[in-house]
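Hi there,

I'm passing on the structure we talked about, and you'll find it just below. Please open it and keep it in view while you read my notes.

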Amino acid sequence: LPKEYYGTFDLVVVDILSAVADALRVTEEHTIMDAAMLLLQPNGVIIKNEDEGYEPGSSSKFTKHTADIVYRDVPVYCLQTFVIGSNGIDFSKTAPKDHDVPTLYLKDVYEFQSQFDTWYTTSNGTHGVETDNEENDFDNDELNTGPLGLLVIIEAEKTSKSLEFPVVQVSIHQALKRLGFIPVTGPRFTRLHSEDQGLEEGYILNFILTQGAVVARCFPNAKYCAFDVQLWEDIHKLEDVKEELLSAVGSEQPSLYRIITSGIQSNIENANIGPPSVHDSDPAAAFMNASVSSSSSFQGMKNNGTKVIFQNATLHSYDNRDALNQWLSQTSIGIQTILQFNINPFVKPEDIAKNIEDLLKWTFKVGKKVIQSDVKFSSYEIGDYENGLVVTASWSLGNVVVFHDGESRVDMNLFYFDDEVGEAMNALLMSAFQDWPLTVKDEFPRGMGLVVSFRDEYSIRDDGERPSWA
């Protein structure tokens, strides 16, 4: 996030395991919880989870005022307590305000119940989360705190504009030009060969830019185009990139998500991204160093003498019709893998780029029997950045984009139609780069129907079966 976002939010929700939020770091100075705290404006409110086993009232006093919220009569699937906190609002004394937010479960604030019916404990205390990093399972030794980039995954479905080549190539090229992106070379075309119905006439387009790389896997018969947009510069243009690319293909059903990757080391823009230092003079940063005396102003849950009984959730406690429809509609066409490495410390800086190329070519030479196709390799130096490198590899059943930031990090973005081929090739890559410290590995399915599952996770559909939860 841009630095100007910090200290401006009215509400921050930290929906993550509390142990992760308190232990995993986003910079050398800040945990996830620290960074979330810095987003708040002085009278803002932050909400976080406390997991099963939490004793109400025992939360770390991460803000001046805190309150534990426990709702009765909600099916308990994974027991969690909401802990809300603020440095400017005393929850035990401030009247609630109805902000006219539509709700599915809670009634109107004036009809639901007394303000304190769901409150277990409120207190004033020292804030700033204290954790013993030696006792947690999270390893921050390989923390990537350098300049940041973004990989944006876009599934553009139900396209209304032509995806035929070269029509869509011109449309994407014009879209990137409107964004001010500078091409390093012309687009690279590779024909895909998939036996899946509707994917027979697919192809890959690689656009290498000074600011990043755009890969488009287009399938005209299926009216579907899969974009991988990796930006190491101009990441503030993310929303514009999304709108331009979706407009270029006329998608009526898009979905996307983002993955943090590496940026260019000498890119000034990256200095304006991420949480401010605890040494900054920004008012929000001062929250991290503040301390107040601990006292409790409210104890116990008001329930008018009624015994509170939590009931465990069953498969019939929730309406799963939308979830089932999505499960039935999704179609995974391949697997994508993101690998991030630190450089091999024993390779001289001037030899890193060549070493990366040699290892990639060795991998695909050895793996030729696996992918059963010739591979097209292309290498590009990135702008004026010393030793910065992009390597692309495309073949009939997949593609790879490798980015070296010119300093200490290497990102690999790999797509394979066949899951078993992907597993075998990834194993070869890991072997080739075994002397390069691996910092991130992430795998996810790509496809249509708002896909979130790998093929083997919904293969029972072929036999007319449904998932156990349906």
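**What I found**

Strands β13 and β17 run antiparallel and are joined by eight bridges. One residue pair to look for here is Gln340 with Asp411, its bridge partner in β17. Please keep in mind throughout that this is a predicted model.

**The sheet around β13 and β17**

Now zoom out a little. These strands belong to an open sheet of six, in the order β14-β15-β16-β17-β13-β18, with antiparallel pairing. As a reminder, strands of a sheet pair through backbone hydrogen bonds, either parallel or antiparallel. Which strands sit at the edges? They are β14 (376–381) and β18, and each of them pairs on one side only. From one strand to the next, the twist averages 10°.

Two helices go with this sheet. Helix α8 lies across β14, β15, β16 and β17, and runs at about 15° to β15. Helix α10 packs on the sheet as well, touching β13, β17 and β18, and its direction makes about 160° with that of β17.

**A nonpolar core**

The largest nonpolar core has 29 residues. Those that touch the most other members are Ile356, Leu360, Val402, Met412, Tyr416, Phe433 and Trp436. Which elements give two or more residues to this core? You can colour them in your viewer: β13 (331–342), α8 (352–366), β15 (389–395), β16 (398–404), β17 (409–416) and α10 (419–432). Helix α8 gives the most, with six residues.

Trp436 is a nice residue to click on. Leaving aside its neighbours within four places in sequence, Trp436 is in contact with Phe341, Asn342, Ile343, Asn344, Ile352, Asn355, Ile356, Leu359 and Val410. Apart from this core lies another one, of 27 residues, among them Val152, Leu231, Val241 and Val249.

**The other sheet**

There is also an open sheet of six strands in the order β7-β8-β9-β10-β6-β11, again with antiparallel pairing. Its edge strands, each pairing on one side only, are β7 (188–191) and β11 (251–262). Here the twist averages 15° from one strand to the next.

Within this sheet, β9 (residues 212–219) and β10 (residues 224–231) pair in the antiparallel sense over eight bridges. If you select Val214, you will find that its bridge partner in β10 is Val229.

Helices accompany this sheet too. Helix α4 (residues 167–178) lies across β8 (203–208), β9 and β10, and runs at about 25° to β8. Helix α5 (residues 238–249) packs on the sheet and touches β6 (148–159), β10 and β11; the direction of α5 makes about 25° with that of β6.

**Gln230, a residue in β10**

Gln230 has its place in strand β10. Is Gln230 buried or exposed? Its relative accessibility is 3%, and buried means under 20%, so Gln230 counts as buried. Leaving aside its neighbours within four places in sequence, Gln230 is in contact with Leu150, Leu151, Gln211, Gly212, Ala213, Thr261, Val401, Phe403 and Asp411. You met Asp411 earlier as the bridge partner of Gln340.

**Salt bridges**

How many salt bridges does a search of the whole structure find? The search finds 11. In one of them, the side chains of Glu155 and Arg446 meet at 2.7 Å, N to O. Glu155 lies in strand β6 and Arg446 in strand β18 (residues 438–448), so the pair ties together parts that are 291 residues apart in sequence. Both Glu155 and Arg446 are buried.

Arg446 also meets Asp228 in a salt bridge, at 2.6 Å, N to O. This pair links distant parts of the chain as well: Asp228 is in strand β10 and Arg446 in strand β18, 218 residues apart. Asp228, like Arg446, is buried. Salt bridges that share partners join Glu155, Arg217, Asp228 and Arg446 into one network.

There is one more pair to look at. Asp405 forms a salt bridge with Arg409, and their closest N and O atoms are 3.2 Å apart. Both Asp405 and Arg409 are buried.

Enjoy exploring, and write back with any questions!

Best wishes

Conventions
Residues are numbered from 1 along each chain as its sequence is written. This is a predicted model: local features need pLDDT of at least 70, side-chain atom pairs count only at pLDDT 80 or more; totals for chains, interfaces and linings use all residues. Side-chain values use heavy atoms; hydrogens and water are left out. Two strands pair if DSSP finds at least two bridges between them. Helices (H or I, at least four residues) and strands (E, at least two) are DSSP runs, numbered from the N terminus. Axes are lines fitted to C-alpha atoms, for helices over the stretch in contact, and angles run from 0 to 180 degrees between N-to-C directions. Contact means heavy atoms within 4.5 Å. A nonpolar core is a set of buried Ala, Val, Leu, Ile, Met, Phe, Trp, Tyr and Cys residues joined through side-chain atoms within 4.5 Å. Buried means under 20% relative accessible area, exposed over 50%, partly exposed in between (1.4 Å probe, protein chains only). A salt bridge is a side-chain nitrogen of Lys or Arg within 4 Å of a carboxyl oxygen of Asp or Glu.
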